[in-house]
Amino acid sequence: MLEVAGLRKSYAGRVVLDDFDLVVRPGELVALLGANGCGKSTALRCVAGLETPDGGRVVMDGRPAMVFQQIHLVKRRSALDNVCAGALGRLPLRHSLAPVLFPRDLREEAMTCLDRVGLASRAGEPAGRLSGGQQQRVAIARALCQRARVVLADEPVSALDPSAADQVVALLADLAHAQHLAVGAVLHQPALARRYADRVVGMVSGRAVVDAPPADIADLDVLYATGTP
Amino acid sequence: MSTPRPAPPRRKGPSALATVITVVVVGVHVLAWQATEFSPATLVQGWRGMADFFAQALPPDLSGEVLGPSVAAALVTLCIGLLGTTLSIPFALVLALLAARATTPGVWAYQAARSLLSFLRAVPDVVFALVFVTAVGLGPFAGVLALIFHNTGVMGKLWAEAMEEIDLGPRDALTVAGASKIQSAAHAVLPSVVPQFLGLLLYRFDVNVRSSLVLGLVGAGGIGFLINQSIRLFRFDEMVTHILVVLVLVIAVDQSSAYIRRRIAT
Ligand SMILES: Nc1ncnc2c1ncn2[C@@H]1O[C@H](COP(=O)(O)OP(=O)(O)OP(=O)(O)O)[C@@H](O)[C@H]1O
Ligand SMILES: [Mg+2]
């Protein structure tokens with residue numbers, strides 16, 4: 001469960017988030033849509049703790065995991081080591097100063113996570129050698145290995161080709177439904193949101209203006225027409 | 001009717017500022033010329049001294065009694081450079097981590113580490129060597145200590161700068177997952193800079209071997225010490241032998257470190 005209420009944030013007097021509300025329940029994929037610069041990334045970064053909001057309330061189960069457009073894996077390290085790194089928050093320093101110190105049961109758990117995203121066979125390869133779509137799935141496996149109940153994804157598929165994009169969003173929806181995760185994903189592809197999201201939250205100028213199942217929204221393009229500042 | 005053609009902008013003469021700068025730069029060079037007693041005439045008049053020097057220095061004394069100790073001392077110089085570089089790694093690493101925004105625990109630690117690095121860098125290794133010679137006596141150990149101190153300052157700074165360059169995304173991803181500063185340094189920041197760190201380490205090794213030569217001149221062991229001795233005894237033929245050995249050592253270290261750095265870069 002993720003509950004965000006009245007989130008506010010400004011940079012140098014410029015209001016970026018203005019009373020932003022968002023609820024993502026377990027078992028639900030919520031797509032966050034909105035024009036460039038409307039504050040989607042800022043909202044997710046505030047929730048993840050990478051930015052400090054000026055005001056508002058964020059409540060959720062445990063720590064969130066975050067998936068980025070730029071993927072942000074360590075390219076020189078193996079896919080498996082990258083997935084294991086998701087567990088750092090619960091490992092003591094003596095088991096986490098270097099990948100060789102990762103306990104055996106963590107490696108096994110990480111393999112299960114890689115298997116869940118369909119990449120168990122590539123576990124030993126350096127992450128940088130996988131394709132963009134595969135790397136993004138490794139990043140999702142890292143979120144699973146973190147055992148996060150809330151997953152935030154900032155444009156997870158904007159750098160991927162249409163078929164890889166479809167596969168990754170389908171995976172996020174499947175994880176939400178099968179594993180009861182609360183998944184909030186910024187998408188710039190209304191078609192993917194329509195197909196996979198359980199709910200769409202539309203954002204204009206730092207505020208949520210639409211919140212409904214995709215079937216109830218006639219025209220998603222309206223968000224982009226009015227959204228540009 | 002034709003529109004008037006736009007006139008090209010007139011070329012401006014040198015501004016007042018440019019003139020002032022030129023005068024100041026020329027003036028400073030004149031003062032420097034006087035301060036260093038720079039005098040080509042003296043050099044020409046001194047040709048006889050140089051000729052005497054070369055007459056005594058050439059041919060170099062390549063006999064076993066000279067060449068043997070020379071090569072042995074050159075190996076000591078190499079060892080001073082090697083240990084001075086290797087033993088500074090832990091100190092440089094800790095200070096670099098404190099002095100890089102990607103990994104520093106806070107502003108206070110950042111400023112303190114930067115100041116310490118600047119200090120270690122600002123004190124030349126020869127000065128450190130003179131200090132340590134008084135503490136541990138003449139010999140290579142003082143040279144190793146001097147290099148550890150100075151190289152910690154230089155390499156720590158270079159490593160910190162390398163970490164300032166990197167993309168912070170992977171670190172942020174781990175921070176969100178609850179990783180501590182040390183954990184995100186170990187699993188996101190450091191793995192991304194391994195090639196740069198190795199390249200800078202080899203470069204410093206190369207420089208340190210050459211520095212340890214100079215350290216020998218002030219009594220910190222190695223072949224620099226022999227060069228100093230042969231000058232004092234006016235054995236210029238032996239000195240040239242030592243210099244030839246140094247030349248071989250420096251070229252060998254330089255070429256092998258450049259080769260390894262090229263291999264890492266690809
Ligand atoms: N660190 C920062 N300092 C100053 N301004 C910022 C900062 N981060 C974001 N902004 C501003 O906040 C506004 C919202 O940015 P944000 O990245 O949240 O938009 P977005 O909805 O994610 O856009 P996009 O679709 O392009 O990713 C932008 O105008 C941006 O310039
Ligand atoms: Mg964004």
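Start in chain A by selecting β1(A) and β4(A): five bridges join the two strands, which run antiparallel. Keep in mind that this is a predicted model. For a specific pair, click A5(A), whose bridge partner in β4(A) is R57(A).

Now add β2(A) to the selection. Strand β1, residues 2–11 of chain A, is joined to β2(A) by seven bridges, and this pair is antiparallel too. Label L7(A) and you'll find F20(A) of β2(A) standing opposite. Then follow the chain round the hairpin of β1(A) and β2(A): two residues lie between the strands, and A12(A) takes a positive phi near 45° there.

With those strands on screen, you have the whole of an open three-stranded sheet, ordered β2-β1-β4 in chain A and paired antiparallel. The edges are β2 (14–24) and β4 (55–60) of chain A; each has a single partner strand, so one side of each is left without a neighbour in the sheet. Look along the sheet for the twist: neighbouring strands are turned by 20° against each other on average, direction ignored. While you have side chains displayed, remember that in a regular strand they alternate between the two faces of the sheet.

What lies across β1, β2 and β4 of chain A? Select residues 40–48 of chain A: this is helix α1, and it runs at about 115° to β1(A).

Next stop, the other sheet. Select β5, β6, β7, β3, β8 and β9 of chain A, listed here in their order across an open six-stranded sheet with mixed pairing. At its edges are β5 (64–68) and β9 (207–212) of chain A, each of which pairs on one side only. The twist here averages 20° from one strand to the next. Zoom in on strand β8, residues 199–204 of chain A: five bridges join this strand to β9(A), and the two run antiparallel. One pair to label is V200(A) with its bridge partner in β9(A), A212(A).

Time to cross over to chain B. Show both chains and colour the contacts: 20 residues of chain B touch 26 residues of chain A. About 1,800 Å² is buried between chain B and chain A, and carbon and sulfur atoms give 63% of that area. Which three residues should you pick out on the chain B side? Go for V176(B), Q183(B) and H187(B), which supply 37% of the area that chain B buries against chain A, more than any other three residues. Don't go hunting for salt bridges between chain B and chain A, as the count is zero.

Finish inside chain B with two helices, α10 (residues 181–217) and α12 (residues 236–265). Their axes come within 9 Å and cross at roughly 175°, which makes α10(B) roughly antiparallel to α12(B). To see the contact, select residues from α10(B) including L198(B), L202(B), F205(B), V209(B) and L213(B), then residues from α12(B) including V246(B), L249(B), V253(B), I260(B) and I264(B). Charged residues take part as well, among them D206(B) and R210(B) in α10(B) and D254(B) and R261(B) in α12(B). By class, the contact of α10(B) with α12(B) has 13 nonpolar, two polar and four charged residues.

How values were computed:
Residues numbered from 1 in each chain as written. Chains lettered and ligands numbered in written order. Predicted model: local features only at pLDDT ≥ 70, side-chain atom pairs only at ≥ 80, totals over all residues. Heavy atoms only, no water. Pairing = 2+ DSSP bridges. Helix = DSSP H or I, 4+ residues; strand = E, 2+ residues; numbered from the N terminus. Axes fitted to C-alpha atoms, helices over the stretch in contact; angles between N-to-C directions. Contact = heavy atoms within 4.5 Å. Parallel < 35°, antiparallel > 145°, perpendicular 65-115°, else oblique. Buried area = accessible area lost by both parts, 1.4 Å probe. Salt bridge = Lys/Arg side-chain N within 4 Å of Asp/Glu carboxyl O.
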